[in-house]
Amino acid sequence: GAGADLIRNIQIPTDDVPKGQGPSARAYREKKTVVCHDIRNDPGMGPWIMLADQLSYQSAASVPVFFNGQVACIYAVYSVERDFFDEEEIQLLNEVGLDLSFALEVLHREQERRDAVQQLQQSLQSLQESRDHLQGIIEGTSDLVAAVDTQCQYIAFNESYRRSFNELYGKDVRLGMSVSEAFSLCPDLHARAEETWRRALKGETFMEHIQFGGEPESRQYFELHCNPIRDQAGRILGAAHIIRNITERQRYEDTLRMNELKYQTLFDSTNDGILLLENGHFVDCNSKTLELFWCERSWIVGKTPAEMSPPQQPDGRDSVSKAEEYIREALNGRPQYFEWTHLRSDGEPLNTEVSLNLVVIEGRICLQVIIRDVRERIRAEEEKNKLQHELFQAQKMEAIGKLAGGVAHDFNNML
């Protein structure tokens, strides 16, 4: 109204100072309605009389407006008449102050409600975005993924899980369905399935292998990972299952084990000694090798070829340098075949034929060493040579005998 421009920028101190003795400052400090019936004659209005004259104000009433028990603002009413505010009007002003205080409380609560609604909407939106993001992640994997709440009811699963569950158990799972209902068509599996979920809900993290199908060619193998779902405080909110189809891996491992079994059978059943040489030392051998050297496996593993040989070979060459030469050639991809004299564990010489071939086992470069015992062959050759020598001597003596007989016959005829 009139004089608004004069009072718009006025600052009234609320402290107990000369300018803070008017009705508004006192109402703020005393937290009650203060009335000034005659501004010009009120000692507390001294600093404000000039302004009151400009505005023609003669009396004033200041009413505190409260919020949360504290004065939020002052509602002030001025009059151009002295003693304008009687008891009835003061009562009315007090009621207006109470109404304004109530209105502030209502507005504040309404604003809080709006803020809460907005925050809830933002939280719901963020939750939905997180859920969509999570669903995108679990749909992007080939693994079967599912989660239940603490009541063993499904709260999430991906399409791979739903489709595979339907194929295996004849049931179409849905959100909110209990595990008990999901396995209702498979009573023989129900107890085991629910137990795996319950274990995870009790806080256990574990892994199991499961398989389906009777015939080996149609059998399916799965790896089941189970773990609890916790909030930031560590409270268990549910459980998750991640199921990976490992059929191809299992079949590969089965084939690998079968091949290893076949290899080990051949390795152990051959009539020759077979050893593996890696970085110049023996790392494995078959049972025939132990028989040839009259030893335990521990006597061979870790040794070099020279440590199982005499200092010199029959040709007079040093065993160490000669063995290194053969090994070097074999590692360069050139198979080696040669005769070699070894020493058994009791120190007796062992005459052998040796072959060296380069092999790669699980990425490791090794030499396959095949040792054949030739002692029987040498003895047979020696016996053969002896018999041949004896035959030659007998034939020579027979020839000499025939020659002597012929000479004697001729000599008799001459006589």
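Visitor: What stands opposite Tyr154 in β5?
Guide: Val148 does. Along the neighbouring stretch, Ala147 has Ala156 of β5 as its bridge partner. Before we go on: this is a predicted model, where local features need pLDDT of at least 70 and side-chain atom pairs need 80 or more, while totals for chains, interfaces and linings use all residues. Residues are numbered from 1 along each chain as its sequence is written, and side-chain values use heavy atoms, with hydrogens and water left out.

Visitor: Why are β4 and β5 said to pair?
Guide: Two strands pair if DSSP finds at least two bridges between them. Strand β4 (residues 144-149) and β5 have three, in the antiparallel sense, so they pass. Strands themselves are DSSP runs of E, at least two residues long, and helices are runs of H or I, at least four, numbered from the N terminus. β4 and β5 also form a hairpin, with four residues between them, and in the turn Cys152 has a positive phi of about 65°.

Visitor: What makes β5 and β6 edge strands?
Guide: Each of them pairs on one side only: β5 (154-157) and β6 (206-212). They close off an open, antiparallel sheet of five strands, ordered β5-β4-β8-β7-β6. From one strand to the next, the twist averages 20°, using axes fitted to C-alpha atoms and angles from 0 to 180 degrees between N-to-C directions.

Visitor: Why is the Tyr154 and Phe157 pair called edge-to-face?
Guide: Rings of Phe, Tyr and Trp (its six-membered ring) pair if their centres lie within 6.5 Å; planes under 30 degrees apart are stacked, over 60 edge-to-face, the rest tilted. Here it's 6.0 Å centre to centre with 90° between the planes, so both tests are met. Tyr154 and Phe157 are both buried, buried being under 20% relative accessible area, exposed over 50%, partly exposed in between (1.4 Å probe, protein chains only). The whole structure has 14 aromatic pairs, and ring pairs link a cluster that includes Tyr154, Phe157, Tyr161 and Trp197.

Visitor: What makes the 27 residues a nonpolar core?
Guide: A nonpolar core is a set of buried Ala, Val, Leu, Ile, Met, Phe, Trp, Tyr and Cys residues joined through side-chain atoms within 4.5 Å. The largest such set has 27 residues, and Tyr154, Phe165 and Trp197 are among those with the most contacts inside it. Its largest share, four residues, comes from α7. Another core, of 21 residues, lies apart, with Ile300 and Met308 among its members.

Visitor: Why does the span of α7 agree with what it should be?
Guide: The expected span is 1.5 Å times one less than the number of residues. For the 15 residues of α7 (residues 187-201) that comes to 21 Å, and the end C-alpha atoms sit 22 Å apart, which agrees.

Visitor: Why are the buried residues of α7 said to line one face?
Guide: Ala193, Glu194, Thr196, Trp197, Ala200 and Leu201 are the buried ones. Seen down the axis, they fall within an arc of 155°, so they line one face; the arc is taken from the directions between helix axis and C-beta atoms. On the other side, Asp188 and Ala191 are exposed.

Visitor: What makes Asn279 exposed?
Guide: Its relative accessible area is 69%, so Asn279 counts as exposed. Asn279 sits in the loop between β9 (273-278) and β10 (281-285), and has a positive phi of about 55° although it is not a glycine. Most residues other than glycine have a negative phi.
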